[in-house]
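Here is a short report on one structure. It covers the chain symmetry, a helix pair and two sheets.

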Number of protein chains: 2
Amino acid sequence: MKPSIPKGTRDFSPVEMARRNYIFNTIRSVFQNYGFKQIETPSMENLSTLMGKYGEEGDKLLFKILNSGDWAHDLQDDELLARNSIKLTNRISEKGLRYDLTVPFARYVVQHRDEVTFPFKRFQIQPVWRADRPQKGRYREFFQCDADIVGSDSLIYETEIIEMIDQAFQRFGFPVIIKINNRKILAGIAEFIGAADKIIDITVAIDKMDKIGLDNVSKELLERGLNGGQINKLKPILMLEGNNQQKLETLRTVLAESEIALKGIDEMEEILRYIANSDIKNELEIDLTLARGLNYYTGTILEVKAVGVEMGSISGGGRYDNLTGIFGLPGVSGVGFSFGADRIYDVLTMLDKFPAETATGTKIIFLAFDQRGITYSLPLVRRIRREGIAAEIYPEPAKMKKQMTYANANNIPFVAIVGDDEMAQNKAMLKNMLTGEQSLLNIDEIVSQIK
Amino acid sequence: MKPSIPKGTRDFSPVEMARRNYIFNTIRSVFQNYGFKQIETPSMENLSTLMGKYGEEGDKLLFKILNSGDWAHDLQDDELLARNSIKLTNRISEKGLRYDLTVPFARYVVQHRDEVTFPFKRFQIQPVWRADRPQKGRYREFFQCDADIVGSDSLIYETEIIEMIDQAFQRFGFPVIIKINNRKILAGIAEFIGAADKIIDITVAIDKMDKIGLDNVSKELLERGLNGGQINKLKPILMLEGNNQQKLETLRTVLAESEIALKGIDEMEEILRYIANSDIKNELEIDLTLARGLNYYTGTILEVKAVGVEMGSISGGGRYDNLTGIFGLPGVSGVGFSFGADRIYDVLTMLDKFPAETATGTKIIFLAFDQRGITYSLPLVRRIRREGIAAEIYPEPAKMKKQMTYANANNIPFVAIVGDDEMAQNKAMLKNMLTGEQSLLNIDEIVSQIK
């Protein structure tokens with residue numbers, strides 16, 4: 001019976017690791033280029049830190065760690081026999097695995113408030129764990145790549161995040177649409193038509209305009225409890241068209257009486273002004289249907305979609321007003337963004353956009369026919385390694401076919417074959433595994449050939 | 001009340017992260033230079049994979065994860081009321097956090113035996129968790145950096161590991177002693193004196209020779225159950241002196257009748273022969289007192305100590321015969337090595353050997369007096385970032401003192417100050433924060449100055 005791993009978790013093979021490292025390194029390098037500083041927090045947090053932060057469903061999805069030692073000893077008969085799993089969990093578990101990077105970051109900021117200088121630009125690339133039902137593309141252990149700036153409400157930071165998104169996907173080599181919205185505008189729309197609790201219904205309706213048209217959308221809104229007058233007022237927003245500037249102008253006219261909407265429009269306009277003289281290559285598009293994170297985002301909302309690929313959003317973020325209030329430090333505003341590494345991996349795979357160097361590690365391997373050949377090869381391998389080139393030596397004088405199989409299975413692009421003739425001439429037979437070309441070369445020639 | 005983290009765990013600040021990344025990157029780069037391929041395994045493994053692999057004490061130190069859902073529902077009255085924590089754990093927990101990287105690697109090799117080509121050179125840099133009592137230098141979550149080659153018993157791989165150790169510590173910039181021993185020699189010594197079960201007592205005795213002398217060591221060995229004749233036979237080994245070659249010659253003479261010892265001596269000699277024409281800079285020393293991992297190492301044993309620093313071993317490894325037998329795949333021999341990242345961190349700190357670039361991220365920050373200055377700075381910051389230089393802009397026209405405090409707190413080596421005069425001349429005032437020097441420069445001059 002083969003051993004296995006828990007469902008929803010993954011082993012990563014050397015090729016997968018090389019590709020994942022490529023993604024993480026690209027994102028890390030962009031974050032650092034913009035002055036973000038990396039932190040890491042422990043995999044486990046106290047349950048008091050985690051519970052109640054992700055809603056009732058989230059509490060259930062936390063992986064809880066059983067206390068060490070004789071944890072059952074002090075439990076009372078009645079609480080045992082009640083078999084109340086939730087209550088018993090509180091008694092036998094004090095720690096849980098982190099569910100996201102945001103709550104631990106908030107905890108970090110409060111715990112280290114005396115060491116941190118605001119604005120604090122941090123990034124964090126670490127796994128998180130959720131006891132979700134595993135399914136295609138949804139794992140119980142997955143990495144998040146978050147950047148946040150806390151302690152400032154300057155819209156310069158929204159701008160930097162948009163530029164970082166653009167930079168990252170330029171480096172990944174596929175086009176994206178960066179969608180932007182503002183919670184304040186959504187709130188203003190709802191306020192303007194007198195339906196403050198209907199933000200979600202409104203964004204859903206706007207989203208459906210393309211597919212089912214104004215009449216059907218109006219019908220749905222009626223069913224959802226809006227009246228004719230409200231739907232009439234909503235019409236210019238449902239029909240919103242044009243480029244970003246035109247959309248903002250329309251909104252400014254229609255929502256002229258909503259203070260909160262005007263604030264949101266001002267914010268959006270300032271960001272667009274900063275971006276206008278940047279050199280971003282990907283499209284930035286106002287999209288009023290963006291409604292992610294409405295329970296914590298308070299200003300800008302961002303989302304990224306890959307162009308021409310059937311896939312949900314591959315990254316997202318937004319501005320929040322009160323990151324750390326729950327830990328006793330109110331008034332810390334911030335804006336953050338998270339790259340969806342698994343989704344990016346999938347898009348790069350679909351589009352076959354992984355750089356060639358992620359397919360291989362070792363550049364050259366020495367293969368010998370006998371022990372003397374191995375001893376002869378050792379200093380040559382060392383020489384190549386000193387040049388910073390990954391090199392191997394097949395460790396035994398096995399059959400040449402077996403050695404070649406090893407080189408092929410490991411995608412090693414060059415082999416250097418060492419037999420009596422080669423040793424007699426102080427050389428090795430260098431074979432390019434892609435083209436099949438062979439040439440008898442000395443070590444200097446080999447180095448310059450494979451470099 | 002400040003939030004906190006579970007005892008034995010750590011937050012890593014930006015400076016600590018930069019230093020840890022330096023250590024991990026150095027090790028990774030050495031591993032890759034020698035043709036090792038990275039894999040990662042899930043943080044959680046099935047408890048059936050982990051239990052029984054680390055002894056009874058290890059089973060207790062595993063962090064167990066409570067099953068999701070209504071885990072208490074199916075428990076019987078009698079098992080609940082028995083309050084047997086160990087038995088109950090089996091009923092309510094199926095997963096645990098990995099305790100080391102070796103068992104998950106063994107599980108990986110067996111699970112993926114059809115994809116893996118042997119010899120398989122893998123490395124793995126990931127955290128592990130142990131419910132140990134936390135104390136100075138001992139954490140409940142810490143990283144291991146392991147490289148192993150499985151599926152070959154060639155001593156070329158011992159040689160490569162010794163060269164990697166040497167390379168890594170050359171890059172870290174402090175000298176180490178690489179100690180080597182061989183389990184077969186220890187077994188041969190015990191066999192030779194007729195005390196096969198006394199390997200540990202013998203190594204302890206050899207270790208004490210320096211401190212307490214032959215007479216006292218003999219006395220202790222008597223107390224531990226050896227007789228006078230045995231101690232007499234052991235004497236030449238207790239008194240072993242000279243360089244590696246001389247030590248091996250003595251051992252070969254003294255242990256001439258032990259087949260297993262001679263095998264170990266042959267192995268050691270072959271490795272020393274390979275190493276002799278390498279260019280390792282650190283000392284490789286035969287040390288018969290090395291007795292780590294005697295319950296699984298079967299040949300070479302390696303350990304690294306920093307020279308001139310009061311600290312235990314900072315890295316170690318060895319050869320084992322049967323990595324995967326427990327998962328049903330017998331006969332997989334291998335040799336592995338683990339860099340002790342936390343200890344290396346401590347040595348680098350003590351010796352003040354961290355490279356300067358690990359102290360800072362952002363290279364330059366733009367500071368402006370007003371909104372116009374911020375807008376003026378944006379394209380300049382972008383230009384610098386495009387050069388691959390980490391740059392920031394202070395996002396608000398705050399008091400200059402506050403902005404300078406931010407630059408200082410973040411160890412940013414250059415600030416570019418933008419006032420009316422600077423803008424009028426299409427320049428900025430570049431200040432070197434280390435020297436205090438200031439000069440009025442255009443953007444090209446700034447780029448070349450800070451590069």
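Do the copies meet through the same surface or through different ones? They meet through the same surface, because 99% of the interface residues of chain A are also interface residues in chain B. This is a predicted model: local features need pLDDT of at least 70, side-chain atom pairs count only at pLDDT 80 or more, and totals for chains, interfaces and linings use all residues. Residues are numbered from 1 along each chain as its sequence is written, chains are lettered from A and ligands numbered from 1 in the order in which they are written, and side-chain values use heavy atoms, with hydrogens and water left out.

**Symmetry**

A turn of 180° and a shift of 0.0 Å along the axis lay chain A on chain B with an RMSD of 0.1 Å. The fit is by least squares on the C-alpha atoms of residues with pLDDT of at least 70 in both copies. That is the relation of a two-fold axis. In chain A, the C-alpha of A:Ile65 is nearest the axis, 2.3 Å from it.

**A helix pair in chain B**

Helices (H or I, at least four residues) and strands (E, at least two) are DSSP runs, numbered from the N terminus. Helix H11 (residues 244-254) and helix H12 (residues 259-276) of chain B pack at about 160°, with axes 10 Å apart. Axes are lines fitted to C-alpha atoms, for helices over the stretch in contact, and angles run from 0 to 180 degrees between N-to-C directions. H11(B) is therefore roughly antiparallel (over 145 degrees) to H12(B). Among the contact residues (heavy atoms within 4.5 Å) are B:Leu248 and B:Leu251 of H11(B), and B:Ile265 and B:Leu272 of H12(B).

**Two sheets in chain A**

Strands pair if DSSP finds at least two bridges between them. Both sheets below are open, with mixed pairing.

| Sheet (chain A) | Strand order | Edge strands |
|---|---|---|
| Five strands | E13-E12-E14-E15-E16 | E13 (391-393), E16 (438-441) |
| Eight strands | E1-E5-E6-E11-E10-E9-E7-E8 | E1 (37-38), E8 (283-286) |

In the five-stranded sheet, the twist averages 25° from one strand to the next. Strands E12 (residues 364-368) and E14 (residues 414-418) of chain A run parallel, joined by five bridges. A:Ala368 has A:Val418 as its bridge partner in E14(A). Helix H17 (residues 443-450) of chain A lies across E12, E14, E15 and E16 of chain A, at about 135° to E16(A).

In the eight-stranded sheet, strand E7 (residues 176-182) of chain A pairs with E8(A) in the parallel sense over four bridges. There, A:Lys179 has A:Glu285 of E8(A) as its bridge partner.

Notes
Angles under 35 degrees count as roughly parallel, over 145 as roughly antiparallel, 65 to 115 as roughly perpendicular and the rest as oblique.
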